[in-house]
Structure formats: structure tokens, C-alpha cells
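Please open the structure in your viewer and keep the selection tool at hand. This tour goes from one stop to the next, saying what to select and what is there.

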Amino acid sequence: MLASERRAAAGLAAIFSTRMLGLFMVLPVLALYAHDLPGATPLLVGLAIGAYGLTQALFQIPLGLLSDRIGRKPVIYGGLVLFLIGSLVAALADSIQWLIIGRALQGSGAIAAAIIALTADLTREEVRTKGMAAIGISVALSFAAALVVGPPLTGLIGISGLFWLTALLALAGMLLLAQVVPDPEQSKVHRDAQPVLDQLAGVVRDPTLIRLDLAIFMLHLTMVSLFVVLPLSLREAGLPVTEHWMLYLPAVPAAILAMVPFIVLAERRGRVRSVLIGSVAVLALSMLGFYLFNQTLWLVGVLLAVVFTIFNLLEAVLPSLVSKAAPAGTKGTAMGVFSSAQFIGAFLGGLLGGLVHAQFGFASVYLVGLLTALLWLRLVWTLPIPENLSRHVIALGTSGATLDVSSLERRLLEVPGVKEAVIVLDEGVAYLKVDSRQTDWARLQTFSAASA
């Protein structure tokens with residue numbers, strides 16, 4: 001990567017991760033403190049925990065599309081301002097209703113699609129994957145860090161202080177955007193990096209993509225419902241909130257290490273179905289374990305390590321499957337819908353967790369995760385596993401508008417290893433799905449050279 005590309009990727013990854021850190025720092029403690037607010041009920045506490053997911057899902061794709069019209073940075077600034085306002089509202093909340101409003105405002109600053117599109121604007125095709133990987137890694141690390149630092153920080157500065165800190169992180173994101181991230185020379189649509197409106201109907205009708213969207217929906221529903229009551233279980237078991245990090249700290253790195261061999265098994269050994277089925281089955285057993293043994297701290301720590309392993313594993317495997325399943329030139333749209341399904345799952349996890357807590361007691365919420373995992377197991381058992389194809393983009397040059405599209409697509413499909421080809425004249429590129437083991441790369445390169 002060029003120096004400017006490294007700077008852009010690092011700056012955008014930092015903005016993304018600081019925002020996610022602010023969202024997730026409260027996750028392991030919010031259930032405890034929200035119950036003390038006037039008007040709090042288990043249902044409203046669950047809604048406060050998951051409210052960010054609803055607004056995130058509603059605004060993510062529209063704000064990504066808006067960034068095509070008014071520019072990436074204005075949308076990102078606007079999203080960070082909304083995140084800042086939501087954090088201030090939550091910090092000053094004197095009732096559960098105001099906390100819900102603050103959390104919903106935090107989620108409405110949905111800038112993920114705009115950040116990914118700006119990353120695509122600021123990186124060349126051949127190194128773009130590295131820029132996207134930097135963002136993905138930063139999000140995973142911020143989630144892990146949030147679980148560890150949230151409880152002790154709350155002990156020092158309180159839950160309102162945690163939201164004030166989140167507001168400062170929003171300001172830091174604005175500063176990074178202004179001082180570190182370069183302005184793009186031009187912004188254009190990148191179909192493999194951002195949603196495209198006219199592709200939405202086809203993506204949401206694709207049966208394989210629907211199942212993958214349901215998978216990420218169920219994963220986040222289970223995880224957020226878990227955090228609706230897990231802090232309460234830890235307190236009931238005699239662990240002070242300021243010491244909850246003592247369970248998270250060993251569980252998080254253990255999970256990161258434990259997931260690696262399973263990723264290798266899925267991606268390199270072709271055992272994706274086995275890994276998925278095994279992961280969901282173990283997740284179901286873990287939720288049953290939480291229900292039965294939530295007062296046994298050492299066992300809760302073990303179960304946390306197992307659940308975090310599955311979460312991190314599926315957070316890596318499921319997007320990879322979406323990338324493989326999406327038709328050529330539609331990856332950005334498919335990932336946008338996938339991400340929206342993830343946040344809807346987070347919202348419903350909070351809502352269902354709060355509802356079950358109110359009706360049946362906090363321990364019963366673990367059964368929400370168990371039942372969700374059992375339904376998911378039926379889904380994953382019949383999931384069509386996409387062919388292991390990689391994506392490639394060929395720049396056709398300035399003469400792209402004069403090309404015979406159907407003829408060029410036909411010729412591209414004649415190249416060994418090319419399985420799908422889509423020409424987009426207004427972008428001047430061809431989106432391909434290829435079998436890397438069979439592809440004649442030298443022959444493919446001639447298309448780019450001949451069109452330049």
C-alpha cells in the first residue's frame with residue numbers, strides 16, 4: 001500500500017473502532033445500572049440495550065446511498081454528530097425513556113457503509129482488501145476491548161461517565177476524519193464495497209443470501225439477549241460489577257486463539273458445513289449451560305470463552321460466505337443487507353430478552369438463546385455452501401463506454417477459471433468471480449490492457 005493508502009486505512013479503521021468501542025463498552029454493565037433509573041422495567045431495560053440496533057439497521061443503507069450524492073465525509077461527520085448527541089442524551093438521562101432515546105440516537109449515526117465506501121475511494125483495487133481487513137480487525141479488537149474495560153471504567157466514572165467518554169470518542173473520530181483521512185480525488189460507486197439501490201430487490205430474494213442474513217440475525221439476537229441478563233447473573237453469584245472484567249479478560253483472548261484452527265478447517269480444508277453445524281450446536285449447549293449453572297462463576301467463565309469463540313468464528317466465516325454467494329458486482333449490496341440483518345438481530349435480542357425477563361425471570365432469558373440456536377441449527381443443516389470463488393475487478397479504461405458489453409462478457413467467460421462476469425460501463429470495470437486455481441491470469445490481463 002502507498003503511504004496515503006496506509007494513512008487512510010488506519011484513520012478510517014480508528015474512526016470505526018472508536019465508535020464501536022463507545023457502543024459496546026456499556027454492553028456488559030448497562031443491564032445493571034439501567035434498572036436503577038426511574039420508570040425502568042425489564043422490558044424497557046432490554047429495549048435500552050438493543051435500541052441502537054434498530055436505528056443502525058434503518059439508516060445504514062440509506063446513509064451509504066446518501067454518501068454517493070453528497071460525499072462521504074459529510075455523511076460521516078453527520079453520523080458522528082448524531083452519535084455524539086445520543087451519547088450526551090444517554091449520559092444525562094434521568095429516566096429509562098431518555099436512555100432509550102439516547103441509545104437510539106447513537107445507532108442512527110450509521111456510518112459503516114460510508115466509511116467502507118470512502119476506503120474504496122482512497123485505495124487502489126489491488127490493495128483494497130487490505131484496507132477493508134484493517135477495518136474488520138479494528139472492529140473485532142474494539143469489541144474485545146469494550147468487554148474488558150467497560151466494567152472497571154464504570155466503577156471509576158459510573159455509567160453516565162461511560163457515556164461522556166463515548167461522546168469524547170465521537171469527537172476524536174471527527175478529529176481523525178479532519179486531520180488524518182485524506183479527501184478523495186473523486187467518489188464513485190464501488191459495487192463490491194457499498195450498497196447499490198437497484199440491486200436490493202435481487203439480493204433480498206436470493207435464497208442462499210437470505211439464509212446467511214438469518215444466520216447473522218440469530219447470532220446477534222443470541223449475543224445481545226445474553227448481555228441483557230449476564231451482568232445480573234454475575235452480580236447474583238457474588239461478583240461485584242467492577243470485577244466482571246476478571247471473567248472477560250481471560251475469556252476474550254482465549255476465544256481469539258481458539259477460533260483460528262476452526263477458521264483454517266472451514267476456509268482451507270473445505271469443512272464449512274461441519275464448522276457451522278458444530279458451532280451452532282455448541283452455542284445451543286452453552287446457552288443451556290448458562291441457564292443451568294449461571295451461579296457458578298468458574299463455569300460461567302468457561303462458557304463465556306466458548307461463546308466468544310463461536311461468536312468470533314462466525315463473525316469471520318459468515319461474511320466470507322456472503323462474499324462467495326453474492327453474484328458478481330453485488331457484494332456491497334449483499335453485505336449491506338447482511339449488516340442490517342445483524343443489527344435487527346441485536347435490537348430483537350434486547351427486546352425479547354427484556355420481555356422474557358419481565359415474564360419469567362432473568363435466568364429464563366438464556367433459553368431465548370437456546371431456542372434461537374435450535375432453530376438456527378435446522379437452517380444451517382440445509383444451507384447451500386457457495387462455491388469457493390474469489391472476486392476480481394478489471395479496470396477497462398476510458399474507452400469502456402464504447403465496448404460491446406455482451407461480447408466482452410462472453411469473451412471473459414471463455415477465460416479458464418472465470419465463472420461470472422458483469423460489465424459496468426459507467427464505472428469502466430468488469431466484476432468477476434473466478435476459481436483462482438484454474439484462472440489464466442495472463443489472459444485476463446490482456447482485457448484490461450486492450451481496453452485501456
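Which residue stands opposite V434 in β3? Select V434 and look across to the neighbouring strand: the residue standing opposite is V418.

Before going further, a word on what is on screen: this is a predicted model, in which local features need pLDDT of at least 70 and side-chain atom pairs count only at pLDDT 80 or more, while totals for chains, interfaces and linings use all residues. Residues are numbered from 1 along each chain as its sequence is written, and side-chain values use heavy atoms, with hydrogens and water left out.

**Stop one: strand β3 and its partners**

Select residues 429-434, which make up β3; helices (H or I, at least four residues) and strands (E, at least two) are DSSP runs, numbered from the N terminus. Two strands pair if DSSP finds at least two bridges between them. Now add residues 418-424, the strand β2, which runs antiparallel to β3 and is joined to it by six bridges. Within this pairing, V422 has Y431 as its bridge partner in β3. The two strands β2 and β3 form a hairpin with four residues between them, and G428 in the turn has a positive phi of about 70°.

Next add residues 390-395, the strand β1, which pairs with β3 in the antiparallel sense, also over six bridges. Here the residue to pick out is I394, which stands opposite A430 in β3.

With these strands shown, turn on the rest of the chain. Because six of the six residues of β3 are buried, the strand is largely enclosed by the rest of the structure; buried means under 20% relative accessible area, exposed over 50%, and partly exposed in between (1.4 Å probe, protein chains only). Both faces are covered, with V429, Y431 and K433 buried on one side and A430, L432 and V434 buried on the other.

**Stop two: L432 and D435**

Select L432, which is found in strand β3 and is buried, with a relative accessible area of 1%. Leaving aside neighbours within four places in sequence, L432 is in contact (heavy atoms within 4.5 Å) with residues including A328, H392, I394, L412, V418 and L444. If you draw a distance from the C-alpha atom of L432 to that of G329, you should find 7.5 Å, although the two residues are 103 residues apart along the chain.

Move on to D435, which lies in the loop between β3 and α16 (441-451). Is D435 buried or exposed? D435 is buried, with a relative accessible area of 3%, and, setting aside neighbours within four places in sequence, it is in contact with L389, G417 and K419.

**Stop three: an aromatic pair**

The structure holds seven aromatic pairs, where rings of Phe, Tyr and Trp (its six-membered ring) pair if their centres lie within 6.5 Å, and planes under 30 degrees apart count as stacked, over 60 as edge-to-face and the rest as tilted. Select F290 and Y366, which form a stacked pair at 5.5 Å centre to centre, with 15° between the planes. This pair links distant parts of the chain, as F290 is in helix α11 and Y366 is in helix α14, 76 residues apart. Both F290 and Y366 are buried. Elsewhere, select F24, Y52, F143, F311 and F343, which ring pairs link into a cluster.

**Stop four: empty space**

Rolling a probe the size of a water molecule over the atoms shows where empty space is left. On a 1 Å grid over the protein atoms alone, a cavity is a set of points where a 1.4 Å probe fits but cannot get out, and a pocket is an open set with protein on both sides within 12 Å along at least five of seven lines; lining residues have an atom within 4 Å of a point. Grid points are joined across faces, edges and corners, and a volume is the space filled by probe spheres set on the points.

A search of the whole structure finds one cavity of 30 Å³ or more, and the largest cavity holds about 50 Å³ of space. To see its surroundings, select R211, L212, A215, L276, L318, W376, L379, V380 and L383, which line it.
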